[in-house]
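Biologist: Before I rely on any label attached to this model, I would like to hear the reasoning behind each one. Could you show me the chain, and then let me question the terms in turn?

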Amino acid sequence: MDIARTRALRAAPLHTPTDLGEAAVKDIAAALTALLADTFALYLKTKNFHWHMSGPHFRDYHLLLDEQADQIFAITDDIAERARKIGGGTLRSIGQIGRLQRLSDNDAEFVTPADMLAELADDNSRFVSLLRAVHELAAGHNDSATTSLVEVWIDEAERRTWFLFETGRAGN
């Protein structure tokens, strides 16, 4: 890289060098940004249910949801940084999260523990579908770094879904 090009890149706002094409950067960064909005929505709903858990299994469910929320929150920085590494932008506000999220909020005053577990199991299952769509998009652009990250997140979300499903089974 010559010095003039290096200086131009330093002066360009948010222009990160990448070998991915312009269309790939635009598509993947947009998909990751929407995924990040969903990740924050899932995180907050998991914490909401963690904070408002009640009943005879309170301690077990409370701890399970806290562990899952920590796992969900842990991927937020990786998602945002992946979008930035390839030269795209990412979330800038809570308002943007609200506009982009595809997972629904739950503002109900009271939700039974069984309904909390079932709703989170459904949300994590939907999250897996959203992750698979990002994986397919990134694979189509030959972005192996993004697909590699997403594969781990799919496994984690499937595990959360499994735990929530098994924990919420009738008779538990």
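Modeller: What follows is a series of questions about the labels used for this chain, each answered by setting a value against its cut-off.

Biologist: What kind of model is this, and how many helices and strands does the chain have?

Modeller: The model is a predicted one, and its chain has 7 helices and 0 strands, so that the order of elements from the N terminus reads α-α-α-α-α-α-α. Along the principal axes, the C-alpha atoms occupy a box of roughly 65 × 30 × 20 Å.

Biologist: What makes the pair of Phe40 and Phe73 edge-to-face rather than stacked or tilted?

Modeller: The structure holds 3 aromatic pairs, and in this one the ring centres are 6.5 Å apart with 65° between the planes. Rings pair if their centres lie within 6.5 Å, and planes over 60 degrees apart count as edge-to-face, so the values for Phe40 and Phe73 lead to that name.

Biologist: Why is the pair of Phe40 and Phe73 said to tie together parts that are apart in sequence?

Modeller: Phe40 belongs to helix H2 (residues 22-51) and Phe73 to helix H3 (residues 58-74), and the pair therefore ties together parts that are 33 residues apart in sequence. Ring pairs also link Phe40 and Phe73 with Tyr43 into a cluster.

Biologist: Why are Phe40 and Phe73 called partly exposed?

Modeller: Buried means under 20% relative accessible area and exposed means over 50%, with partly exposed in between. Phe40, at 25%, counts as partly exposed because its value falls between those limits, and Phe73, at 43%, is partly exposed for that reason too.

Biologist: How do you know that the pair of Trp162 and Phe163 is edge-to-face?

Modeller: The ring centres of Trp162 and Phe163 are 5.2 Å apart, which is within 6.5 Å, and their planes stand at 80°, which is over 60, so the pair is edge-to-face. Phe163 has a relative accessible area of 25%, and therefore counts as partly exposed.

Biologist: Why is Ala69 called buried, and which residues is Ala69 in contact with beyond its neighbours within four places in sequence?

Modeller: Ala69, which lies in helix H3, has a relative accessible area of 0%, and because buried means under 20%, the label follows. Leaving aside neighbours within four places in sequence, Ala69 is in contact with Tyr43, Thr46 and Lys47. The C-alpha atoms of Ala69 and Thr46 are 5.7 Å apart in space, while the two residues are 23 apart in sequence.

Biologist: Is Leu117 buried or exposed, and how do you know?

Modeller: Leu117, placed in helix H6, has 1% relative accessibility, which is under 20%, so Leu117 counts as buried. Its contacts, with neighbours within four places in sequence left aside, are Tyr61, Leu65, Leu164, Thr167 and Gly168. Leu117 and Thr46 are 71 residues apart in sequence, with a C-alpha to C-alpha distance of 9.4 Å.

Biologist: Why does Thr161 count as buried at 17% relative accessibility?

Modeller: The cut-off for buried is under 20%, and Thr161 at 17% meets that condition, so the label holds. Thr161 is found in helix H7 and, neighbours within four places in sequence aside, is in contact with Ala121, Asn124 and Ser125.

Biologist: What makes Asn142 exposed, and what is its phi?

Modeller: Asn142 has 65% relative accessibility, and because exposed means over 50%, Asn142 counts as exposed. Asn142 sits in the loop between H6 and helix H7 (144-167), and has a positive phi of about 60° although it is not a glycine.

Biologist: What makes the link between the side chains of Glu119 and Lys45 a polar contact?

Modeller: A polar contact is a pair of N or O atoms within 3.5 Å, where one must be able to donate a hydrogen and the other to accept it, and the side chains of Glu119 and Lys45 are joined by such a contact of 2.6 Å. Glu119 is found in helix H6 (residues 113-140), and, not counting residues up to four places away in sequence, touches Lys45, Phe49 and Asn106.

Biologist: What can be said of the chain as a whole, in burial, exposed area and charge?

Modeller: Of its 172 residues, 41% count as buried, and the chain exposes about 9700 Å², of which carbon and sulfur atoms supply 53%. The 18 positive and 26 negative charges have mean positions 7 Å apart.

Terms used. Residues are numbered from 1 along each chain as its sequence is written. This is a predicted model: local features need pLDDT of at least 70, side-chain atom pairs count only at pLDDT 80 or more; totals for chains, interfaces and linings use all residues. Side-chain values use heavy atoms; hydrogens and water are left out. Rings of Phe, Tyr and Trp (its six-membered ring) pair if their centres lie within 6.5 Å; planes under 30 degrees apart count as stacked, over 60 as edge-to-face and the rest as tilted. Helices (H or I, at least four residues) and strands (E, at least two) are DSSP runs, numbered from the N terminus. Buried means under 20% relative accessible area, exposed over 50%, partly exposed in between (1.4 Å probe, protein chains only). Accessible areas come from the Shrake-Rupley method with a 1.4 Å probe; for residues, only the protein chains shown count as cover. Lys and Arg count as positive and Asp and Glu as negative; His and the chain ends are not counted. The place of a charge is taken as NZ of Lys, CZ of Arg, CG of Asp or CD of Glu. Contact means heavy atoms within 4.5 Å.
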